[in-house]
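Ready for a few exercises with worked solutions? Take a look at the structure first, then try each task before reading on.

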Amino acid sequence: MSDHLLLDMADKLFAEAPDWSAVSDLGLPDLLVPESAGGFGGTWQDAHGVMRLTGFHALALPLAETILAGAILQRPTKGRIALADNCSGAISGEKFSGRLEAVAGGHQADQILAQLNGKIILLDGKDITSSEKNILLGEEGASLEFTAAPFEEIAWNGDLMQIGAIMRTAQMAGAFDGALQLSVGYANDREQFGRKLGKFQAVQQELAVFALEAAAANCASIAAFRSVAEGDYGFEAANAKLRCNMAAAKATRIAHQVHGAIGFTKEYDLQHFTRRIWGWRSSFGSEAHWAEYLGDLLAQMGGDNLWSYMIARDQAASSLTD
Amino acid sequence: MQSFVSETVRYPAEADRLRADIRALIARFSDQWTPRERVNCWTNFNPEFSRALGEAGFIGMIWPKQYGGHERPVLERYIVQEELLAAGAPIGAHWIADRQSGTLILRYGNDELRNHWLPRIVRGEAFACIGLSEPNAGSDLASVRTSARRDGDDWVINGQKIWTTGAHMAHFMIALVRTEAGSERQQGLSQFVIPMDAEGITTRPITDLSDGKDFNEVFFDNVRVPAHALLGTEGNGWEQVTAELAIERSGPERYLSSYPLYAALIDEARAIPGLKQLVGQLTAQLWTLRQMSLSVIVKLGRGEDPGLEAAMVKDLGNSFEQDIPALVQGAMDTPLSNSRPLAEMLSYLLQLAPSFSLRGGTREVLRGIIARGLGLR
């Protein structure tokens with residue numbers, strides 16, 4: 001299936017707030033599972049497009065997470081899989097006891113994938129001993145506890161933090177564009193002082209800043225996905241997630257300011273975007289996390305070497321694209 | 001809605017060799033460049049270095065061989081540009097001619113203009129300046145008043161341009177002037193290629209706040225140019241200048257002016273761990289801007305007009321290069337003396353930075369373009 005068809009299909013489906021069975025019927029959860037293993041056999045570029053659309057439509061399903069889990073598991077997924085980026089606890093006698101903080105989609109997950117001391121473990125949702133809804137994510141995020149829960153150890157030699165960060169950039173990029181579209185539409189519709197809001201230069205300049213941040217996030221995200229095929233993507237994950245995170249505060253501030261009081265209501269759609277953006281900003285690495293990662297890397301490398309390092313990586317990723 | 005459609009870059013097979021070649025040429029000269037000269041390097045005049053670049057085939061890279069050009073892909077030219085900028089090379093002498101003036105002559109010029117100017121530009125021997133701003137036409141460019149009137153086969157030009165970078169060293173100017181008496185705004189405008197040694201031109205330097213003497217006032221007092229000095233079509237000046245501005249705004253120089261200071265900051269972060277956060281944040285912006293800038297180049301290479309995307313990259317890029325000196329100053333406790341390269345670059349950039357979001361289209365003008373692109377107004 002061409003990129004275009006896949007994304008058109010996902011775009012139409014997500015606009016209707018589908019349930020899990022509707023996205024499963026199309027095979028989307030197994031987008032990154034190889035065809036030979038019974039999956040969809042999509043590329044990372046396809047995954048970027050679909051994950052971005054989950055953000056663009058503020059889809060209330062852990063689809064991006066399940067797609068990524070499929071890439072790690074390399075076999076068809078069974079139900080909704082959430083991803084934990086903050087896992088504390090211990091493994092004892094092949095059982096896991098511990099806590100997973102602020103797991104997006106955690107309350108509705110059939111399985112949860114987490115990384116503990118370098119090990120990737122797959123937990124079953126029915127073994128959750130207690131679940132606490134998060135203030136920010138409301139119905140869509142929870143902190144989960146497990147006591148002596150069985151798990152499956154997954155053989156995978158990647159870094160969940162890095163690949164999870166790349167996934168979040170696509171969702172954030174989509175959510176920025178979704179909130180931008182809503183904000184521009186509102187500014188072109190709402191009248192005050194006898195004029196559309198969008199006619200005021202002050203509003204135009206603010207929305208232009210919003211568009212700039214959204215554009216940067218979108219460009220950073222696709223570039224990070226291009227690097228995944230290269231297999232070594234820490235630098236790109238760090239740059240892209242950090243740039244998307246840096247866009248988050250400015251973009252959401254402007255989206256809400258343009259909307260005025262209506263945007264602050266539960267009923268209006270803006271909060272579906274902005275609450276997710278705030279949640280994703282802290283998920284799989286904050287600015288502090290990735291800036292420290294990059295700062296360490298570059299300080300070791302030295303200012304004279306950054307340029308050739310960045311260029312060489314970009315040319316390597318580009319040669320793999322197609 | 002998609003705020004930015006990112007294009008995938010396919011590097012040419014020659015990319016590695018090309019980078020090695022340009023880096024080798026840079027290495028032959030770079031000992032001579034002071035830290036201060038390395039920042040904002042694309043306004044730094046060094047005719048000797050420009051000639052060396054010309055000799056090596058790094059000017060007019062994408063132009064036809066017929067005019068001395070090298071018929072290389074747009075992306076190869078970009079590679080050379082970004083390597084020069086990252087190294088802080090003094091490329092100011094030929095930069096404007098190579099980037100936009102020669103490109104305009106190639107696109108709109110008659111044979112006489114092409115045959116005369118393009119080979120000289122390619123050799124690094126002819127430098128250009130931009131004749132747009134006037135005392136009462138800054139951001140509001142359509143207010144230009146400088147005029148050209150027909151007199152027999154010639155045109156006679158009267159008026160004044162201002163903020164003209166490099167006018168005192170340039171060999172020619174491409175000027176936007178009013179050719180239709182009584183016309184208003186975007187109507188009745190045309191472009192001319194004016195030799196700077198023409199009789200009746202007076203150039204007067206304007207000293208900037210850093211004591212730099214890059215820009216000038218240029219006065220035209222009955223300056224007579226032949227008919228073939230008219231660039232493109234009479235009355236088509238506004239359309240041509242819009243294309244010129246898109247070219248002017250699309251390059252990597254719009255985010256790399258402060259790059260050498262940022263590279264110096266990275267070295268400081270080894271000894272001062274508190275700087276790592278800032279280094280990381282700047283790196284994420286730089287890396288992203290480069291991706292955006294490449295995307296614009298891919299579109300240009302396909303012959304598209306990415307005016308909106310170019311405005312976005314320029315605005316974000318200008319804010320980035322403008323923020324760097326202020327952020328470095330805030331993050332470091334270093335005296336602003338000339339005793340070390342970082343302090344020298346910082347002292348200089350703090351003064352230059354305000355111009356970054358003015359030259360080539362102000363931040364407010366660019367955001368107006370972006371707002372229109374969003375469907376506002």
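**Exercise 1: one helix, inside and out**

How many of the 28 residues of H6(A) are buried?

*Solution.* Keep in mind that you're working with a predicted model.

- Step 1: Call a residue buried if 20 or more other C-beta atoms lie within 10 Å of its own.
- Step 2: Go through the helix with that cut-off, and 25 of the 28 residues of H6(A) come out buried, so the helix is mostly covered.
- Step 3: Check the length too. From its first C-alpha to its last, H6(A) reaches 41 Å, close to the 40 Å expected at 1.5 Å a residue.

**Exercise 2: repeat it for H5(A)**

Work out what H5(A) should span, and how much of it is buried.

*Solution.*

- Step 1: H5(A) has 30 residues, and at 1.5 Å a residue these should span 44 Å.
- Step 2: The end C-alpha atoms of H5(A) are 43 Å apart, which agrees.
- Step 3: Of the 30 residues of H5(A), 25 are buried, so this helix is largely enclosed by the rest of the structure.

**Exercise 3: where the chains meet**

Find which element gives the largest share of the side of chain A that touches chain B.

*Solution.*

- Step 1: Start with the totals: chain A puts 48 residues into the contact and chain B puts in 42 residues.
- Step 2: On the chain A side, the elements giving two or more residues are helices H5 (160-189), H6 (201-228), H7 (234-259), H9 (287-301) and H10 (303-320).
- Step 3: H6(A) supplies the largest share of that side, with 15 residues.
- Step 4: Sort the chain A side by class, and you get 26 nonpolar, 14 polar and eight charged residues.

**Exercise 4: two helices across the contact**

Describe how H6(A) packs with H13 (residues 363-374) of chain B.

*Solution.*

- Step 1: Two packed helices are described by the angle between their axes and the distance between the axes.
- Step 2: For H6(A) and H13(B), the angle is about 80° and the axes are 8 Å apart.
- Step 3: An angle of 65 to 115 degrees counts as roughly perpendicular, and H6(A) and H13(B) are therefore roughly perpendicular to each other.
- Step 4: Now the residues. H6(A) brings Gln204(A), Gln205(A), Leu207(A), Ala208(A), Ala211(A) and Leu212(A). H13(B) meets them with Glu364(B), Arg367(B), Gly368(B), Ile370(B), Ala371(B) and Leu374(B).
- Step 5: By class, this helix-to-helix contact divides into seven nonpolar, three polar and two charged residues.

**Exercise 5: zoom in on Ala211(A)**

Is Ala211(A) buried or exposed?

*Solution.*

- Step 1: Locate Ala211(A) in helix H6 of chain A.
- Step 2: Ala211(A) has 29 C-beta neighbours inside 10 Å, so it counts as buried.
- Step 3: Skip residues up to four places away in sequence, and Ala211(A) touches Leu180(A), Ser3(B), Ile370(B) and Leu374(B).
- Step 4: For contrast, try Phe200(A), in the loop between strand S9 (195-196) and H6 of chain A. Phe200(A) is partly exposed, with 16 other C-beta atoms within 10 Å.

**Exercise 6: the nonpolar core**

Which residues have the most contacts inside the largest nonpolar core?

*Solution.*

- Step 1: That core has 226 residues, and those with the most contacts inside it are Ile112(A), Leu207(A), Phe192(B) and Leu261(B).
- Step 2: H6(A) gives the most to this core, with 18 residues.
- Step 3: Take Ile112(A) and leave aside its neighbours within four places in sequence. Among the residues it is in contact with are Ile81(A), Leu100(A), Val103(A), Leu123(A) and Leu144(A).

**Exercise 7: two unusual backbones**

What is the phi of Glu94(A), and what is the phi of Trp163(B)?

*Solution.*

- Step 1: Most residues other than glycine have a negative phi.
- Step 2: Glu94(A) has a positive phi of about 60° although it is not a glycine, and Trp163(B) also has a positive phi of about 60°.
- Step 3: Find them. Glu94(A) is in the loop between strands S2 (87-92) and S3 (95-104) of chain A, while Trp163(B) is in the loop between S3 (154-162) and S4 of chain B.
- Step 4: Count neighbours within 10 Å. Glu94(A) has 9 other C-beta atoms there and is exposed, whereas Trp163(B) has 21 and counts as buried.

Terms used:
Residues numbered from 1 in each chain as written. Chains lettered and ligands numbered in written order. Predicted model: local features only at pLDDT ≥ 70, side-chain atom pairs only at ≥ 80, totals over all residues. Contact = placed C-beta atoms within 7 Å. Helix = DSSP H or I, 4+ residues; strand = E, 2+ residues; numbered from the N terminus. Nonpolar A, V, L, I, M, F, W, Y, C, P; charged D, E, K, R; others polar. Axes fitted to C-alpha atoms, helices over the stretch in contact; angles between N-to-C directions. Parallel < 35°, antiparallel > 145°, perpendicular 65-115°, else oblique. Core = buried A, V, L, I, M, F, W, Y, C linked by C-beta atoms within 7 Å. Buried ≥ 20, exposed ≤ 12 C-beta atoms within 10 Å, placed from the backbone. Expected span 1.5 Å × (residues − 1).
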